[in-house]
Amino acid sequence: QLAQGARTVPLATGTATGGLIPDGTYSAMVGDGKVDFHQEQTQVNLILGYQTDLRIGGGKVAFALMQPFVKGSRRVDISDPDIRFTPGTPEAIRDNAEPQIRQQVEAELAAEKERQNKDFSGAGDTQVSTVWVRQGRKLRVVAGLSVILPTGKHKNEGGPNPGRGDYYPLRPGLAASYSLNP
């Protein structure tokens, strides 16, 4: 969630012109800045599984637990966007407004870089799965359902996190493989 994007800023002109030009008569368009994003991440998964003797539909039921451990580094650079004024904006108003807008944009960019440029590590979210496995002579079919438990560290203020947030997604899965060898 990089706080970056084009937006229109209405110019405060009422006070500077003694009320002759109402606020918002002119505006500045703050364009998109260029985002240079680089993240390196290593993840090791600890997987525990158990296949039961319970047979359903010719296949066996299995259970699995996956706990990821994540370590990474994120570097983000955001360039200053262009500032353009609506056609007809008097030069004196442009000259007065641009430094203020530029200062505000630079402060926002600095705050976003501070949130994003971080090293991170920790346990990710735990995945618990129930799986059905059917093994034939040439065909293997696997179907399952996983729930992701929000056990990983997660901060809502942005930046990189080992966890993904406070929600419980369900992931259905189906896989099949066929051996061409007899």
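Tutor: Let's start with a term: buried means under 20% relative accessible area, exposed over 50%, and partly exposed in between (1.4 Å probe, protein chains only). This is a predicted model, where local features need pLDDT of at least 70, side-chain atom pairs count only at pLDDT 80 or more, and totals for chains, interfaces and linings use all residues. Residues are numbered from 1 along each chain as its sequence is written, and side-chain values use heavy atoms, with hydrogens and water left out.

Student: Why does Arg102 count as partly exposed?

Tutor: Its relative accessibility is 22%, and partly exposed lies between 20% and 50%.

Student: And what makes Asp119 exposed?

Tutor: Asp119 has a relative accessible area of 56%, and exposed means over 50%.

Student: How do you know that Asp119 forms a salt bridge with Arg75?

Tutor: A salt bridge is a side-chain nitrogen of Lys or Arg within 4 Å of a carboxyl oxygen of Asp or Glu. The closest N and O atoms of Asp119 and Arg75 are 3.0 Å apart, so the pair fits that definition.

Student: What about Glu98 and Arg102?

Tutor: Their closest N and O atoms are 3.7 Å apart, so this pair passes the 4 Å limit too. Glu98 and Arg102 are four residues apart in helix H1, so about one helical turn separates them.

Student: Why has Arg74 no salt bridge?

Tutor: The nearest side chain of opposite charge, Glu112, is 7.2 Å away, and a salt bridge has to be within 4 Å. Arg74 does have a polar contact of 2.7 Å with the side chain of Gln39; that term means a pair of N or O atoms within 3.5 Å, where, within protein, one must be able to donate a hydrogen and the other to accept it, and residues adjacent in sequence count only if both atoms are side-chain atoms.

How values were computed
Lys, Arg positive; Asp, Glu negative; His and termini not counted. Helix = DSSP H or I, 4+ residues; strand = E, 2+ residues; numbered from the N terminus.
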